[in-house]
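Thanks for coming, everyone. I have one structure to walk through today. Please bring it up on your screens.

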Amino acid sequence: MAAKQTPLSAAANAEILRQRRNKAAQEQQSYRQRALRMFPHVCASCAREFSGKRLKELTVHHKDCDHTNNAPDGSNWELLCLYCHDHEHEKHKLVDYHGGARPEDDEPAPSTFSPFEGLDDLLKDFPGTDESSDDVDAATK
Ligand SMILES: [Zn+2]
Ligand SMILES: [Zn+2]
């Protein structure tokens, strides 16, 4: 309980920034925590059980694949281990690509599309990408 004793040090500022950057990640974490409280720590697909350190291998799958659909009753969640989760999404992708038919061999996806093409040019237009510097000032005053 040593709040308000010292002014914010550089380290404290860095910590605040770090926490802000983690906020999005934490929001993602929070539905995971809720799901983990709600369901047994067992993969819904392969039925392996996870505990302790390995619990992080158990992930929350959104049944309708909408990550913003976090129904409070957990009805859109399914706990899947990393492997089954990967597999689950792979299945959906293949259904999309191939109209429901799964190909015999795993062809690599064509890599003609580059989502980051031109990103360098875009970033050049924004030299002040350190968007948090204003926030630091406000926090120290
Ligand atoms: Zn599994
Ligand atoms: Zn998923």
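**A walk through the chain**

Let's start with burial. The chain has 141 residues, and 8% of them count as buried. Keep in mind that this is a predicted model.

So how confident is the predictor? Mean pLDDT for the chain is 78. Of its residues, 60% reach 70 or more. Where is confidence highest, and where is it lowest? The top is β2, at 97. The bottom is helix α4, residues 133–140, with a mean of 53.

Next, the layout. We have 4 helices and 2 strands. In sequence order the pattern reads α-β-β-α-α-α. On contacts, take those between residues at least 6 apart in sequence. Of these, 57% join residues at least 24 apart.

Now the strands. β1 covers residues 58–62, and it runs antiparallel to β2. How many bridges join them? The count is 5. One pairing to look at is His62, whose bridge partner in β2 is Trp77. β2 itself spans residues 77–81. Of its 5 residues, 4 are buried, and the strand is mostly covered.

That takes us to the core. As background, nonpolar side chains in soluble globular proteins tend to be buried together. Here, the largest nonpolar core has 9 residues. Which ones are they? Ala35, Cys43, Leu58, Val60, Trp77, Leu79, Leu80, Cys81 and Cys84. Two elements, β1 and β2, each give two or more residues to this core. β2 gives the most, with 4.

Stay with one core member, Cys43. What does Cys43 contact, once neighbours within four places in sequence are set aside? The partners are Arg48, Leu58, Leu79, Leu80, Cys81 and Cys84. Of those, Leu58, Leu79, Leu80, Cys81 and Cys84 are fellow members of the core.

Now some backbone angles. Ala47 has a positive phi, near 65 degrees, and it is not a glycine. Where is Ala47? It sits in the loop between α1, residues 10–38, and β1. Why does Ala47 count as exposed? Because only 12 or fewer neighbours are allowed for that label, and Ala47 has 9 other C-beta atoms within 10 Å.

Cys65 is another non-glycine with a positive phi, about 65 degrees. Cys65 belongs to the loop between β1 and β2. Is Cys65 buried or exposed? Exposed, because it has 11 other C-beta atoms within 10 Å.

Two more residues share that β1–β2 loop. Take His67, which lies between β1 and β2. His67 counts as exposed, because it has 12 C-beta neighbours inside 10 Å. How far is His67 from Trp77 in space? C-alpha to C-alpha, the separation is 9.5 Å, and the two are 10 residues apart in sequence.

Then Asn70, also placed in the loop between β1 and β2. Asn70 has 17 C-beta neighbours inside 10 Å, so it counts as partly exposed. What does Asn70 touch, leaving out residues up to four places away in sequence? Tyr31 and Asn76. For a longer link along the chain, look at Asn70 and Arg34. They are 36 residues apart along the chain, and their C-alpha atoms are separated by 9.9 Å.

To recap. β1 and β2 pair antiparallel through 5 bridges. The largest nonpolar core takes 4 residues from β2. Confidence is highest in β2 and lowest in α4. That's my tour. Over to you.

Note on methods:
Residues are numbered from 1 along each chain as its sequence is written. Chains are lettered from A and ligands numbered from 1 in the order in which they are written. This is a predicted model: local features need pLDDT of at least 70, side-chain atom pairs count only at pLDDT 80 or more; totals for chains, interfaces and linings use all residues. A residue is buried if 20 or more other C-beta atoms lie within 10 Å of its own, exposed if 12 or fewer, and partly exposed in between; C-beta atoms are placed from the backbone. Two residues are in contact if their C-beta atoms, placed from the backbone, lie within 7 Å. Two strands pair if DSSP finds at least two bridges between them. A nonpolar core is a set of buried Ala, Val, Leu, Ile, Met, Phe, Trp, Tyr and Cys residues joined through C-beta atoms within 7 Å. pLDDT is the predictor's confidence in each residue, from 0 to 100.
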